[in-house]
Amino acid sequence: KSAPPFLYSFGVAMIMPRLYQLALLVKCTSTAFSFGAAPPPLKRSFARAASRMPELVETKKTPEQVEDELARAKRFIGFLDASPEPFHVVSTVASRLKTTGFVELDERDLWGQGGLLEPGGKYFYSREGAIVAFTVGGSCVAGEHGFKVIGAHTDSPALKVKPRSKRGGSGFALLGVETYGGGLWHTWFDRDLSLAGRVVVEGPSGVFKQRLVHVKDPILRVPTLCIHLQSTKEREAFAVNKEDHLSPILCTQVKKSLEGSGGVSTSKQEKGEEAEEAWVAAQDPVLLDLLASELGVSKAQVVDFDLTLYDTQGGALGGARKEFVNGARLDNLASCFAAVEALETHASDAALLGADRDVSVVALFDHEEVGSGSESGAGSPIMRDAVERITEALAAKAGSGGDSESFRAALHRSMILSVDMAHAVHPNYASKHEKQHAPAMNSGLVIKSNANQRYATSGTTGFLVRQLGRRVGVPVQEFVVRNDCPCGSTIGPIIAANTGMRAIDLGMPQLSMHSCREMMGRADLTLAHTLFAAFFSDFRELDESLAR
């Protein structure tokens with residue numbers, strides 16, 4: 001009302017033509033709908049154009065589909081919470097496989113001479129933080145088979161306890177920790193943390209056992225420095241010194257002295273030793289007490305450990321419609337879970353397994369986050385050994401005798417899906433994605449491509465997966481990193497280089513990758529399961545339809 005007259009006149013001049021056009025449109029539309037009369041020539045041209053456009057129909061899931069998605073997401077959360085680090089991942093997967101009829105193998109045994117493998121069989125074996133499971137198709141013929149492999153990794157960025165863990169300061173008992181992988185370490189502050197991993201326990205007669213430990217209580221915390229003790233620049237930067245700022249508080253030293261465990265170890269009291277063993281002296285007695293209590297042994301029996309810190313807050317369904325899964329280690333336990341469930345589905349269908357001419361494999365490797373160069377990483381001979389030993393064992397079972405040529409031929413009838421989580425477009429940082437390659441959560445799996453071979457996807461393997469998605473109704477998205485951003489990598493190029501197998505990198509999209517808490521779409525777990533199960537059942541037929 002207080003605007004100058006010339007602005008009022010300008011506004012009227014701008015608005016009146018728009019009102020006239022709107023009135024004309026309403027008049028034409030009401031006339032056509034009221035009397036059913038044929039539209040005038042101009043209107044008819046719009047009608048013809050509209051008839052050529054696809055009808056916009058909102059796809060709604062059936063109640064059964066929603067229930068299936070929710071059930072799978074809840075199973076995944078249970079898997080996630082039971083698997084705080086790679087040794088527990090292997091244990092959790094092994095327990096599932098045994099329940100569904102898979103037979104455990106030992107790498108030290110002679111599979112071929114022992115006649116341990118046969119068509120229609122289901123098997124698995126493990127090595128440290130890695131596990132390999134496979135089915136042999138009922139119609140598998142030695143020398144004519146190939147391998148359908150889904151590979152993923154069991155590790156995630158984390159804090160690991162140092163070999164000499166005792167650390168103190170300002171009246172607190174701290175733990176010395178080492179960063180593992182490329183974590184977003186600021187997200188580990190002010191979280192309720194605990195410990196999980198493997199402990200070596202001394203038994204009677206000098207026998208040593210490896211035991212898994214999973215402390216459920218939040219016994220550790222890395223507190224942030226309060227705002228009042230930071231300068232403006234320090235608050236803005238929040239620069240984390242990984243050596244000085246990440247040591248978690250275990251307890252107070254006053255508490256230790258009250259419990260009588262501050263200076264003399266139980267082992268020293270029991271055995272009357274004059275000096276503690278060097279390894280024991282380097283550990284905080286409270287830590288050893290905790291481990292002994294969890295394992296039901298004496299502190300003197302705890303002789304070594306490999307421990308990882310984890311966030312005790314469990315996974316959860318998130319979002320107003322429960323359409324997300326929030327939790328730690330989604331990268332890459334979501335891929336492990338989906339792959340194992342798909343193999344179990346394939347193995348449980350007698351008709352599918354009986355008609356299968358190939359070997360279906362799930363290989364979960366450790367140490368991907370630090371380059372895969374270990375005995376249980378993708379850079380080790382695990383994958384090549386699996387293909388070679390299974391090929392030789394099947395040949396021995398058939399009485400034909402294995403040879404290197406059969407093994408090499410099998411490699412070229414094979415393909416690996418290297419499955420690792422992908423970067424979903426972030427609504428607050430959308431410019432970080434290449435505009436035509438911005439995957440969304442709950443919208444299907446993502447094929448990852450990189451011209452510099454940071455990903456293993458090729459034109460052929462990309463086509464095969466896209467075609468597989470079309471067959472089973474699973475949408476497939478695309479990701480290419482911006483030219484001005486660095487590109488990550490995963491196990492795909494490593495395995496392709498080590499074995500010569502065709503490979504593709506793909507994964508479910510997520511947000512907050514490498515954070516202490518991450519986020520992904522609920523529906524993508526089911527879409528991944530569907531695509532992976534189809535890979536096991538349909539790959540041979542699809543591959544043979546592609547002319548060489």
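A residue counts as buried when its relative accessible area is under 20%, as exposed when that area is over 50%, and as partly exposed in between. With that cut-off in hand, and with the reminder that this is a predicted model, strand β18 is a useful place to enter the structure.

Strand β18 covers residues 502–507, and six of its six residues are buried, so the strand is largely enclosed by the rest of the structure. Its side chains divide between two directions: Arg 502, Ile 504 and Leu 506 point one way, while Ala 503, Asp 505 and Gly 507 point the other way, and all of them are buried. The charged residues Arg 502 and Asp 505 are thus included in the buried set, on opposite sides of the strand.

Strands of a sheet pair through backbone hydrogen bonds, either parallel or antiparallel. Both arrangements occur around β18. Strand β14 runs parallel to β18 and is joined to it by five bridges, with Leu 417 taking Ile 504 as its bridge partner in β18. Strand β16, residues 445–448, runs antiparallel to β18 and is joined to it by three bridges; here Val 446 has Gly 507 as its bridge partner.

Leu 417 leads from this pairing to one of the cavities. A search of the whole structure finds three cavities of 30 Å³ or more, and the second largest, with a volume of about 40 Å³, is lined by Met 415, Leu 417, Leu 464, Val 465, Leu 468, Phe 535, Phe 539 and Leu 542. The elements that give two or more residues to this lining are β14 (415–419), α14 (459–472) and α16. By class, the lining of the second largest cavity has eight nonpolar residues, with no polar and no charged ones.

The largest cavity has a volume of about 190 Å³, and its lining is mixed in class, with 10 nonpolar, five polar and seven charged residues. Of the 22 residues that line the largest cavity, Pro 84, Ser 156, Pro 157, Ala 158 and Arg 329 lie nearest its centre. Strands β5 (158–169) and β10 (302–311) each supply at least two residues of this lining, and the largest share, four residues, comes from β10.

Helix α16, already met at the second largest cavity, also leads to a sheet. This is an open sheet of five strands in the order β11-β12-β20-β19-β15, with mixed pairing. Strands β11 (316–318) and β15 (422–423) stand at its edges, and because each has a single partner strand, one side of each is left without a neighbour in the sheet. The partner of β11 is β12, residues 324–327, which runs antiparallel to it and is joined to it by three bridges; within this pair, Ala 316 has Asn 326 as its bridge partner in β12.

Two helices lie across strands of this sheet. Helix α3, residues 63–81, lies across β11, β12 and β20 (518–521), running at about 135° to β11. Helix α16, residues 522–544, lies across β11, β12, β19 (509–511) and β20, and runs at about 60° to β20.

A last stop is Ala 396, which lies in helix α12, residues 382–398. With a relative accessible area of 37%, Ala 396 is partly exposed. Its C-alpha atom is separated by 9.2 Å from that of Leu 117, although the two residues are 279 residues apart along the chain.

How values were computed
Residues numbered from 1 in each chain as written. Predicted model: local features only at pLDDT ≥ 70, side-chain atom pairs only at ≥ 80, totals over all residues. Heavy atoms only, no water. Pairing = 2+ DSSP bridges. Contact = heavy atoms within 4.5 Å. Axes fitted to C-alpha atoms, helices over the stretch in contact; angles between N-to-C directions. Buried < 20%, exposed > 50% of the residue type's maximum accessible area, 1.4 Å probe, protein only. 1 Å grid on protein atoms, 1.4 Å probe; cavity = no way out; pocket = protein on both sides within 12 Å on 5 of 7 lines; lining within 4 Å. Points joined across faces, edges and corners; volume = space filled by probe spheres on them.
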